[in-house]
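Q: I am new to this structure and should like to learn how its features are read. Where should we begin?

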Amino acid sequence: MTERWDEVDGYIGDLFVGRDDALDAALAASDDAGLPSIAVSPPLGKLLMLLAKAIGARTILEIGTLGGYSTIWLARGLPADGRLVTLELDGKHADVARSNLERADVADRVEVLVGPALETLHGVEGPFDLIFIDADKDNYPGYFEHSVRLSRPGTVIVADNVIRDGEVINDATDDPRIQGVQRFNELVASDTRVSATAVQTVGTKGYDGFALIVVG
Ligand code: SAH
Ligand code: DHB
Ligand code: MG
């Protein structure tokens, strides 16, 4: 069944994003390569770009590249001499992303690093102005610690998928991905180095939400 919020997400996408050759091609190429359809929605992608612009971000870190759809949005929020580092476990995903970033004309600003992010992060140099966490949910607590380490006062951290159909309030869950997000939310909420909230969303990707965290 098509939920009404699917159609409304389409309405928002048509109205505020519209057709965009590079983004449309990125999704088509990701699909053709067999990548899962789990990129951020167009409205959330645009929100990431707007956030980057609003804070004047010059350096961005992304954890979880997939085919680079969110990466393109984030990179578009950077000035021409800005820098974006994105981390991806799967070499095939990274290859698709690199070609999508090339087509979108942002490859010069973006470095795609392949490997398990918890390991790659040790070799990444900060600080970053904006960090987007969107990789494997069981490792979100570790990604938060690294993100704070790679931040400066004022750094904005966005974490996708922190509501998961409302399962986040199911204390009896045995799903490590939900448990990861639960631990993440609790860590963030109790960490005096940051100030944060979480926002529920509905749309083409169902019922979920994101956390918005400011360091300092
Ligand atoms: N940010 C993307 C979607 C990311 S989907 C977008 O909105 O367009 C999550 C990605 O995280 C997948 O590509 C998956 O391969 C990757 N991933 C999973 N485990 C990982 C790990 N341990 N380290 C780095 N990336 C990982
Ligand atoms: C999944 C991952 C995501 O980052 C997302 O936004 C939706 C789904 C997943 O692994 O199923
Ligand atoms: Mg996600």
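A: We may begin with the polar contact, which is a pair of N or O atoms within 3.5 Å. The model before us is predicted. In it, a polar side-chain atom of K205 lies 2.5 Å from an oxygen atom of ligand 2.

Q: Which other side chains have a polar atom by an oxygen atom of ligand 2?

A: For K137, a polar side-chain atom is found 2.9 Å from an oxygen atom of the ligand. In the side chain of N161, an N or O atom is 2.7 Å from an oxygen atom of ligand 2. Taken alone, ligand 2 exposes 290 Å², of which the protein buries 71%.

Q: Which residues are around ligand 2, and how does its shell divide into nonpolar, polar and charged residues?

A: Around ligand 2 are I38, D134, K137, D160, N161, R164 and K205. Of the residues in this shell, five are charged, one is polar and one is nonpolar.

Q: In which pocket does ligand 2 sit?

A: The largest pocket holds ligand 2.

Q: How many aromatic pairs does the structure hold, and how is such a pair described?

A: The description of a pair of aromatic rings rests on the distance of the centres and the angle of the planes. This structure holds three aromatic pairs. One of them joins Y140 and Y143: the ring centres are 6.5 Å apart and the planes stand at 55°, so the pair is tilted.

Q: Where do Y140 and Y143 lie?

A: Both belong to helix 7, which covers residues 140-149. Y140 and Y143 are three residues apart, about one turn of the helix.

Conventions. Residues are numbered from 1 along each chain as its sequence is written. Chains are lettered from A and ligands numbered from 1 in the order in which they are written. This is a predicted model: local features need pLDDT of at least 70, side-chain atom pairs count only at pLDDT 80 or more; totals for chains, interfaces and linings use all residues. Side-chain values use heavy atoms; hydrogens and water are left out. A residue is near a molecule or strand if one of its heavy atoms lies within 4 Å of it. A polar contact is a pair of N or O atoms within 3.5 Å; within protein, one must be able to donate a hydrogen and the other to accept it, and residues adjacent in sequence count only if both atoms are side-chain atoms. Accessible areas come from the Shrake-Rupley method with a 1.4 Å probe; for residues, only the protein chains shown count as cover. On a 1 Å grid over the protein atoms alone, a cavity is a set of points where a 1.4 Å probe fits but cannot get out, and a pocket is an open set with protein on both sides within 12 Å along at least five of seven lines; lining residues have an atom within 4 Å of a point. A molecule sits in a cavity or pocket if more than half of its atoms lie within 2 Å of its grid points. Ala, Val, Leu, Ile, Met, Phe, Trp, Tyr, Cys and Pro count as nonpolar, Asp, Glu, Lys and Arg as charged, and the others, Gly among them, as polar. Rings of Phe, Tyr and Trp (its six-membered ring) pair if their centres lie within 6.5 Å; planes under 30 degrees apart count as stacked, over 60 as edge-to-face and the rest as tilted. Helices (H or I, at least four residues) and strands (E, at least two) are DSSP runs, numbered from the N terminus.
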